[in-house]
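Grab a viewer and work through these exercises with the solutions covered up. Each one starts with a task and then walks through it step by step.

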Amino acid sequence: MPFTPLHLGPALAIGLPLRHRFHAPTFILANVIVDIEPLMALLAGRGPPHGFFHTLLGATVLAFILAAVMVMLEELLGNLFRALRLEEGRLRPTAYLAAALSGTWIHVLLDATMYPDVRPFWPSAYNPLCHPAALTAPVYAFCVLTAILGLAIYVTILVRSRPEHH
């Protein structure tokens with residue numbers, strides 16, 4: 001995995017411009033929540049860090065759970081998300097699911113390029129994406145550049161949403 005916070009780069013750069021189509025807070029969370037699995041493995045001191053949720057099937061299961069939870073939390077958190085300009089109005093549940101699926105899948109696919117224990121196409125152990133020597137630096141660069149782009153997009157959203165002062 002690129003260092004977990006680096007997953008926020010693609011999350012912001014992709015999620016913010018598309019917040020009219022899918023739920024950006026769900027997409028942002030989906031890009032990082034997959035790394036609960038390696039954290040738990042690290043804390044438990046056993047097992048490979050990348051297990052079931054670092055597969056496309058596992059990411060899909062996680063995405064359905066995340067989407068359902070985020071839809072249920074909309075009433076509680078929607079005003080906060082709108083105040084932060086992360087969403088604009090209510091979206092259909094499919095917008096949450098699309099955000100969760102694409103976010104968790106992007107996470108898995110990025111990690112699959114760098115870690116031999118990631119099995120994106122489980123139950124197959126074959127990972128044709130894993131080329132750490134060639135892809136680690138480009139994946140990190142992609143995550144950093146998209147983080148810069150995503151932060152610029154967010155600042156632009158905040159500036160454009162400020163009320164005019166006369």
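**Exercise 1: around Leu-86**

Leaving aside neighbours within four places in sequence, which residues is Leu-86 in contact with?

Solution. Before you start, note that this is a predicted model, where local features need pLDDT of at least 70, side-chain atom pairs count only at pLDDT 80 or more, and totals for chains, interfaces and linings use all residues. Residues are numbered from 1 along each chain as its sequence is written, and side-chain values use heavy atoms, with hydrogens and water left out.

Step 1. Find Leu-86 in the loop between helix 4 and helix 5; helices here are DSSP runs of H or I with at least four residues, numbered from the N terminus.

Step 2. List its contacts, meaning heavy atoms within 4.5 Å. Leu-86 is in contact with Leu-16, Arg-19, Ala-24, Pro-25, Ile-28, Phe-81 and Tyr-154, once neighbours within four places are set aside.

Step 3. Check the burial. Buried means under 20% relative accessible area, exposed over 50%, and partly exposed in between (1.4 Å probe, protein chains only). Leu-86 has 13% relative accessibility, so it counts as buried.

Step 4. Take a distance: the C-alpha atoms of Leu-86 and His-23 are 8.1 Å apart, with their positions 63 residues apart along the chain.

**Exercise 2: His-23**

Work out where His-23 sits and what its side chain pairs with.

Solution. Step 1. His-23 belongs to the loop between helix 1 and helix 2.

Step 2. Its relative accessibility is 0%, so His-23 counts as buried.

Step 3. Look for a polar contact, which is a pair of N or O atoms within 3.5 Å; within protein, one must be able to donate a hydrogen and the other to accept it, and residues adjacent in sequence count only if both atoms are side-chain atoms. The His-23 side chain makes one with the side chain of Glu-87, at 2.5 Å.

Step 4. Beyond four places in sequence, His-23 also touches other residues, among them Met-70, Glu-74, Leu-91 and Tyr-96.

**Exercise 3: salt bridges**

How many salt bridges does the structure hold, and which residues do they join into one network?

Solution. Step 1. Set the criterion: a side-chain nitrogen of Lys or Arg within 4 Å of a carboxyl oxygen of Asp or Glu. The structure holds four of these.

Step 2. Start with Glu-88 and Arg-19, whose side chains meet at 2.6 Å, N to O. Glu-88 lies in the loop between helix 4 and helix 5 and Arg-19 in the loop between helix 1 and helix 2, so this pair ties together parts that are 69 residues apart in sequence. Glu-88 is partly exposed at 43%, whereas Arg-19 is buried at 9%.

Step 3. Move to Arg-82, which is partly exposed at 21%. Its side chain forms a salt bridge with Glu-74 at 3.0 Å, N to O, and another with Glu-87 at 2.5 Å, N to O. Shared partners join Glu-74, Arg-82 and Glu-87 into one network.

Step 4. Check the acids: Glu-74 is buried at 5%, and Glu-87 is buried at 2%.

**Exercise 4: helix 5**

What covers the buried residues of helix 5?

Solution. Step 1. Helix 5 runs over residues 93–112, and its 20 residues reach 29 Å from first C-alpha to last. That's close to the expected 28 Å, where the expected span is 1.5 Å times one less than the number of residues.

Step 2. Pick out the buried residues, including Ala-95, Tyr-96, Ala-99, Gly-103 and His-107.

Step 3. Their cover includes helix 1 (8–15), helix 2 (24–33), helix 4 (56–83) and helix 6 (132–161).

Step 4. Zoom in on Gly-103, buried at 0%. Outside four places in sequence, Gly-103 touches Phe-27, Ala-30 and Asn-31.

**Exercise 5: backbone oddities**

Which residues does a cis peptide bond join, and which non-glycine residue has a positive phi of about 65 degrees?

Solution. Step 1. Recall the background: most residues other than glycine have a negative phi, and most peptide bonds are trans.

Step 2. The cis bond joins Trp-122 and Pro-123, with omega about 20 degrees. Pro-123 is in the loop between helix 5 and helix 6.

Step 3. The positive phi belongs to Arg-85, in the loop between helix 4 and helix 5. Arg-85 is partly exposed, at 29% relative accessibility.

Conventions. Helices (H or I, at least four residues) and strands (E, at least two) are DSSP runs, numbered from the N terminus.
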